[in-house]
Amino acid sequence: MSNGGDGILPEGRTAAGATAGTVVLEDVHARHLRAIAAQGDRAAFSALFRHYAPRIKSYLLTTGLPSMEAEELAQEVMLTVWRKAAIFDPSRARAATWIFTIARNLRIDAARRSRAAEAAVAQESLTPAEPEPADDLLFAAEAADRLRATLDTLPPDQLAVVRLSFFEDAPHPDIARRLGIPLGTVKSRLRLAMARLRGVIDPGGTER
């Protein structure tokens, strides 16, 4: 085992030696978990992180997660190990088994959240937009009727500038050029027309 305590076996170890090394490694990792639970031992956690984080990421990649998501979830697994080290029971499971069970459960939770989010998006796309309230539609129709009736009462010169300005979105200089009148006259006729239309466009009294 390396001096860093991360449980890496030297090269050339025999099969029997490797088995014995695995047992020793499990014992070391179990001690690390107990140290984390008892005193928040950061050195013990660092050793576990160095050993398990890359292995958990590799496992998560095999489940189909993209590299970045696998990296993030591996970190979440190790944070869970830090928070829940106190519930580790070496009589019920090996340290590696316990840690990889956490990884498996978090992967399942992540998959469920992903499916739920996809289902919500799909449902939203299938849900028709709420119809406008009938009274709002009636009000808009009545306002449009009043506006058309009021437009018909405008003098022809004012109606011409209103149509060009509001229905064709023509700028004031263009209106002056097209009608052959001064720019000031365009603005004056628009002001007079808007004074007549204001109550129809906004019954509350605010010009739009």
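Residues 1–18 have pLDDT under 50 throughout. For this stretch, the predicted model has 23 contacts beyond four places in sequence. Over the protein chain, the mean pLDDT is 77. Of its residues, 67% reach 70 or more.

Confidence also varies among the helices. Helix 2, residues 42–62, has the highest mean pLDDT of the elements, at 94. Helix 5, residues 134–153, has the lowest, at 61.

**Overall fold**

The protein chain has eight helices and zero strands. From the N terminus on, its elements therefore read α-α-α-α-α-α-α-α, each α being a helix as numbered from that end. The chain holds 208 residues, and 31% of them count as buried. Its accessible surface is about 13,400 Å². Carbon and sulfur atoms hold 57% of that surface. Among contacts with a separation of 6 or more, 51% join residues 24 or more positions apart.

**Helix 2 against helix 3**

How do the axes of helix 2 and helix 3 cross, and at what angle? They come within 9 Å and cross at roughly 145°. Helix 3 covers residues 67–84. The crossing is right-handed.

Which residues of helix 2 meet helix 3? Among them are the aromatic-ring residues Phe 45, Phe 49 and Tyr 52. Leu 48, Ile 56, Leu 60 and Leu 61 also take part, as do Arg 42 and Lys 57. From helix 3, the partners include Ala 70, Leu 73, Ala 74, Val 77, Met 78 and Trp 82. Ser 67, Glu 71 and Gln 75 belong to the helix 3 side too. By class, the contact residues divide into 14 nonpolar, two polar and three charged.

**Two small residues toward the C terminus**

Ala 160 lies in helix 6, residues 156–167. Gly 184 lies in helix 8, residues 183–201. The table pairs each with a second residue of the chain.

| Residue | Paired residue | Apart in sequence | C-alpha to C-alpha |
|---|---|---|---|
| Ala 160 | Ile 175 | 15 residues | 9.1 Å |
| Gly 184 | Pro 173 | 11 residues | 9.6 Å |

Is Ala 160 buried or partly exposed? Its relative accessible area is 25%. Buried requires under 20% and exposed requires over 50%, so Ala 160 is partly exposed. Gly 184 has a relative accessible area of 48%. That value is not over 50%, so Gly 184 also counts as partly exposed.

How values were computed
Residues numbered from 1 in each chain as written. Predicted model: local features only at pLDDT ≥ 70, side-chain atom pairs only at ≥ 80, totals over all residues. Heavy atoms only, no water. Helix = DSSP H or I, 4+ residues; strand = E, 2+ residues; numbered from the N terminus. Buried < 20%, exposed > 50% of the residue type's maximum accessible area, 1.4 Å probe, protein only. Contact = heavy atoms within 4.5 Å. Areas by Shrake-Rupley, 256 points an atom, 1.4 Å probe, with all protein chains shown as cover. pLDDT = per-residue confidence, 0-100. Axes fitted to C-alpha atoms, helices over the stretch in contact; angles between N-to-C directions. Left-handed = near helix turned anticlockwise from the far one by under 90°. Nonpolar A, V, L, I, M, F, W, Y, C, P; charged D, E, K, R; others polar.
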